[in-house]
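Colleague: I am new to reading models like this one, so could we go through it together? I would like to ask how each label is earned.

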Amino acid sequence: MTTETAPGLSGWPPPVLDPAGPFAGPIQVVAWVLFVMAAVVLAIVLLALGVALFGPRKWKRRVGGERLVWIGGLAFPVVVLSGLLIYGLATGARVAAEPKPGEMRVRVTGEMWWWRVAYLDADGREVVQDANEVHIPTGQTVVFELESADVIHSFWVPRLGGKVDMIPGRRNFLRLQADAPGTYGGQCAEYCGGPHALMGLVVVAHDPRAYAAWRARQAQAATAVVSAQAPLALIDQGRAVFAASGCGACHTIRGTEANGLAGPDLTHVGSRQTLGAGILPNNQGTMAGWISDSQGIKPGNRMPSYPVLTGQDLRAVAAYLESLK
Amino acid sequence: MSSETGFDPELYKRFPTQEKRPEGELKQLEDVWCGPRRPWEWITAINNNFIGVYYVGAAMLFFVLAGVLALLMRTQLALPLNGFLPQETYNQIFTMHGTVMMFLFAVPAVEALGVLLLPQMLGARDLPFPRLSAYAFWAYLVGGLAFFCSLFFGLAPNGGWFMYPPLTSMTYSPGINADFWLLGIGFIEISAIAGAIEIIVGVLKTRAPGMSLDKLPIFAWAMLIFACMIIIAFPSVILSTLLLELERALDWPFFDAARGGDPVLWQHLFWFFGHPEVYIIFLPAAGAMSTIIPVVARTRLVGHRMVVMAMLATGFISFGVWAHHMFTIGMPRLSINYFSAASMAVSVPAGVQVFAWIATLAAGRMRFNTPGLFAVGGLVIFVMGGLTGVMVAMVPFDWQAHDSYFIVAHLHYVLIGGMVFPLFAAIYYWLPMSSARPLSERWGRWIFWLMFAGHNITFLPMHLTGLMGMPRRVYTYLPGRGWDLLNVISTVGAFMFGLAVLLWIVDMMRNFRLFGAREAGNIYDGPGLEWLPNGLYSLRSIPVIKSLYPVWDQPDLARDVAAGRYFLPGAPRGERETIVTSPLNAEPQYLQRMPRPSSWHVWGAIFTAGFFLILTVQAYAASVISGLLAIYCIVKWCWNMDRPMAQASVDIGGGVRVPTYRSGPSSHGWWAMVITLIVGGMVCLLAGFAYVFLWSRRPDLWIAPPDMSGLIQGVGLLAVAGLCAWGGPAALKLDRPRSGVIAAVLLFVGAAALVAASATDFTTWMGAGLDPQASGQGATVFALMSWQALFVGIGAIMGVFAVARWLFGLASAAQPATFELIGLFLAFTAGQGAFVLLLTRLFPGAEMRSWLMMTGGLLVWAAHFLGVYLISSLGDVAATADAPAWRGAALVFSGACLVAEGAVLWLLARRARVTDDEGLAPFTIGVGLTGALAGLIGVVWQTAPILMAG
């Protein structure tokens, strides 16, 4: 497997403490308040313990009575916890308010082990399909409708907000907003079997104009973009290999005969940032590697490996898919 | 001091007795309680000195095994995309690590500590049901080992220790891996419940005379609360495992959203057990801390009463926090706020205990020996875990931290600081009680520091790993996420921890010498009865307890106890026996005959384990045979109980005579039966919750219940069963020439009526077209009926058992206990059947409201009747029925009932004025008003005598 890394969660600075929108910001403040609280309380306990173990007799006598238990064990926590509780509930109400009418909606469905993404119009109809990455406009609250097609998953993009579970038979809502353009990594946070570890995603925020352009392009049928890496002849060969290998049984490429629904929609797969649900960067090399050995790269996932394809066929089909911008 | 049982406390002044003990008395005691002489007797032994040590040993074995699994995981995670463990293996290993640590190590370990220590601490000869704890142990050992071995065949469960469906349902886990979890754990829970019954009855009924609740050692308090919590919490996991197994085996859709089930139901049921579980593990360990810290500080526990209160509060609050594991499932805001508040509140009692320990250390002078180090180290780690616990109780923060490595860090801080370190302190502290040599102090210090450092190096970085986005339960991670270094550090720490445990094992092998000629004894100068000179019979004589720290406060105690100058200095009847005392003041009530070693419970345990394990591999015929053999062994085991006594009373020392037999609420058997029935009732109640919960999800899939004739028939049969269950023992007690046969026949008829009621229930539902596979309604109704059928089946065996006792001439008024307990069981089963019948047929149908309108007033009356009865019998148990407190309670309750009656009347009257919507309404309201008036008069009528009693 390649050592290149797909865009996604980046560890430093810790994404929970590096918020990028109004639904993650207040939680960062809560986190710091809690760290300070914990540090102070721990210091007090350790101080009391230190006095109890090593302190001079006079100090020890002060600490060694029921009064300490009343003050330290009862009164102090009740005061601190009451304050924290009110603060926590208020913050919770702020970052998890009900969706408002008119807000943009995206339906993300957790599947074993990838994300089906659908952009909804004002009436809740699916207008554009995509997979494993969600594009949003900056400065605008987006409502994520979270569902599951099989087992429980959990949708978590820490720089934008907290996580919400995707549960079969239920529809949960999560409101997120990105303040600045960029790519925000996410990850399935509820154990969902097999390769749960390798179920990532990215949220890509564009400024509103760029977002509108992206969405318009996304709504169109597939068009192969010819380039130096993907000359027309190779694209044509790849398209033929794709059809002959039965890829269309599981994948849809709008504008072609491929209309399978089991796997991700590939109409604009070449424009995505990652492959295999957030685990590989997306280019011809990784695409060819993924097709020939998806089970080696992500054991247990639903896409079979295609070691039967010749090198030339692989190159062609990878070039074809990468040309679908 | 007022007496609880009519026992004259003046009698205590006769002790210590002065006369010389007869020749040969000690020899007889030793012979009666002798240990194994032949090899197989090590297996049939039932004395807690053996079973307790086996039990602790087995729990530590599972600790080590699960620890090895942890090291394998840490090795895999040391590098990104490491190939050390394949994905499937890793998923099985992390599932087994959590499951084994929680179910096969933590709960059994603290329960084992109780079995080993409680009789000695309480001054009892043994726990009240030695064969039951032996049965629980063997079932746990055999079942646990077989369960663990599933790993070697790649058949171990792989759904995580909380086994969320639908990942664990047949569709997504078609192998038998999940069944291993469900059946293996399901029956280890039974073993835990058996142990809990033992501990509750042991603590409440077999204390040394005079050890009233205010003199009860803090560890025994902890074990009592622990056991009560098991009784309330474990039914929930029993039910959830049953339901999931039923869904997997029979396709009843409890958790399948497409057919009206709900995966969230599992989460509610699982966490209603799962969160109290944490405190179930923590409380006994905290009790050990509260015992050990005063000893190492050479002083008394500061705030003893506050600590007891804190433990009680923990027990209560912990049942209101389960949903804090579910903050991310999209719960309504109100629930989230409630559970957030409760989750914070539960940390207050923990704070009380922590500060009580610190104050105790300050009040005394700490000795830095190994138990002391582990206690203080555990305190520090636990405080850190508690603080991160407060963090994740803050809902917004939890939305980020949930299911990340932050949680992995948090839970290990809580469990290792709150349970593992105290357990090691306890092992070091109490080991000299069982071993000829103590463990090495020098090694102990090394082990402590290695473990303390190893723990922090492993888990402190994980807080950050989690905030950096690493989710839990991942078999690998990608490079370039910045998680590599922290994971390497954690792995290094884990191996330090492992090294510490390895050193401990080596030291155990060097120094642990079980049952040598002499135990190392009280090397830490502990104050409890367990440190008095003792043998397999526990104490030579059972002292009168006058303080919380008897060994410290009564310098002559050891000498007098060993010289036989207190209660029960020998074995007066040549039998194993112990004094049963009253629950509050520990006044001697009677002498209980205890069983001798036998092999039936061992075979029973093996066949019970066999039944569940063979069921897992779907060899149904073999499984049924094993199950039948288990029943045979258990019946055989019960057959020898409750036999005629040669003497009606005996002298237990100092001329104090107590009876040798008791039945009814003062007997140990009655308590055990009542607790067992509470477990059964909890399961049924929770199944009722599941029924209502699933109705709220998809009412459109529900069908109308069968017509009313089935309900009336069923209730009638259950009423017959209830009457017979009450009449059987009552007839026996009349002690007329034919009492025995009448009692046996009544019990048999009662059981038969239960069978008929169940059959009616089942056939009418089938007739109504209810399909268990079709909807949440079908699944839950059939589950409720199956649970009832299980009780009916056991009741039927008991009915036959009663007849058999009569045939063998054992149905006499002199031994009413067995018949009484059978009657109790049948009466409970009838009540449970009525609950199932009424719930499933009246809720949520339109009849429900009419029925409630018609019967509301009468129901309040009945509730008042029962409530006052309960309050006054509690007063009787406390023998203070005339005390103002009980009368006050009864009056307050009566007032509440009066208000309720008034409310019913008011509601009906209001409805009578506006109603003309339904044809039936005038009739139902008329009946209802009459009933409510009658109820009102009834409540007033019954309240008057209470008023006049003052």
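Modeller: Happy to! Let us begin with pairing: two strands count as a pair if DSSP finds at least two bridges between them. Keep in mind, too, that this is a predicted model.

Colleague: What is the bridge partner of A:Tyr184 in S10(A)?

Modeller: The partner of A:Tyr184 in S10(A) is A:Val203.

Colleague: And how do you know that strand S9 of chain A and S10(A) are paired?

Modeller: Strand S9, residues 182–188 of chain A, is joined to S10(A) by six bridges, and the two run antiparallel. Pairing needs at least two bridges, so the label fits.

Colleague: What makes strand S4 of chain A a partner of S10(A) as well?

Modeller: Strand S4 (residues 133–137) of chain A pairs with S10(A) over five bridges, in the parallel sense. One of the links is between A:His135 and A:Val204, the latter in S10(A). Again the requirement is at least two bridges, so S4 and S10(A) pass.

Colleague: Why is strand S10 of chain A called mostly covered?

Modeller: S10 spans residues 200–206 of chain A, and five of its seven residues are buried. A residue earns that word if 20 or more other C-beta atoms lie within 10 Å of its own.

Colleague: Then why is B:Ile797 called partly exposed?

Modeller: B:Ile797 has 15 other C-beta atoms within 10 Å. Buried would take 20 or more and exposed 12 or fewer, so B:Ile797 falls in between and is partly exposed. This residue is found in helix H24 of chain B, residues 776–807. Its C-alpha atom is 39 Å from that of B:Ile317, and the two are 480 residues apart along the chain.

Colleague: Which names does UniProt give to parts of chain A?

Modeller: An unreviewed UniProt entry places "domain: Cytochrome oxidase subunit II copper A binding" at residues 101–217 of chain A. In the model that span is 9% helix and 50% strand, with its end C-alpha atoms 26 Å apart. UniProt also lists "domain: Cytochrome c" (unreviewed entry) for residues 233–325 of chain A. Here the span is 41% helix and 4% strand, and the end C-alpha atoms lie 17 Å apart.

Colleague: How is chain A divided into domains?

Modeller: The domain assignment gives domain 1 (24–95), domain 2 (104–218) and domain 3 (232–322) of chain A. The C-alpha centres of domain 1 and domain 2 of chain A are separated by 38 Å.

Colleague: How many residues of chain A are in contact with chain B?

Modeller: In chain A, 73 residues are in contact with 66 residues of chain B. Elements giving two or more residues to chain A's side are helices H1 (25–54), H2 (57–63) and H3 (66–95) and strand S7 (164–166). H3(A) gives the most, with 17 residues.

Colleague: What makes up that side of chain A, by class?

Modeller: It divides into 46 nonpolar, 20 polar and seven charged residues.

Colleague: Last one: how confident is the predictor in chain B and in the complex?

Modeller: For chain B the mean pLDDT is 91, and 97% of its residues reach 70 or more. On a scale from 0 to 100, that mean is the predictor's own confidence. The complex is given an ipTM of 0.96 and a pTM of 0.92.

Conventions:
Residues are numbered from 1 along each chain as its sequence is written. Chains are lettered from A and ligands numbered from 1 in the order in which they are written. This is a predicted model: local features need pLDDT of at least 70, side-chain atom pairs count only at pLDDT 80 or more; totals for chains, interfaces and linings use all residues. UniProt positions are given in the numbering used here, feature names are shortened, and annotations may be inferred rather than shown by experiment. Two residues are in contact if their C-beta atoms, placed from the backbone, lie within 7 Å. Ala, Val, Leu, Ile, Met, Phe, Trp, Tyr, Cys and Pro count as nonpolar, Asp, Glu, Lys and Arg as charged, and the others, Gly among them, as polar. Domain bounds come from an automatic or database domain assignment.
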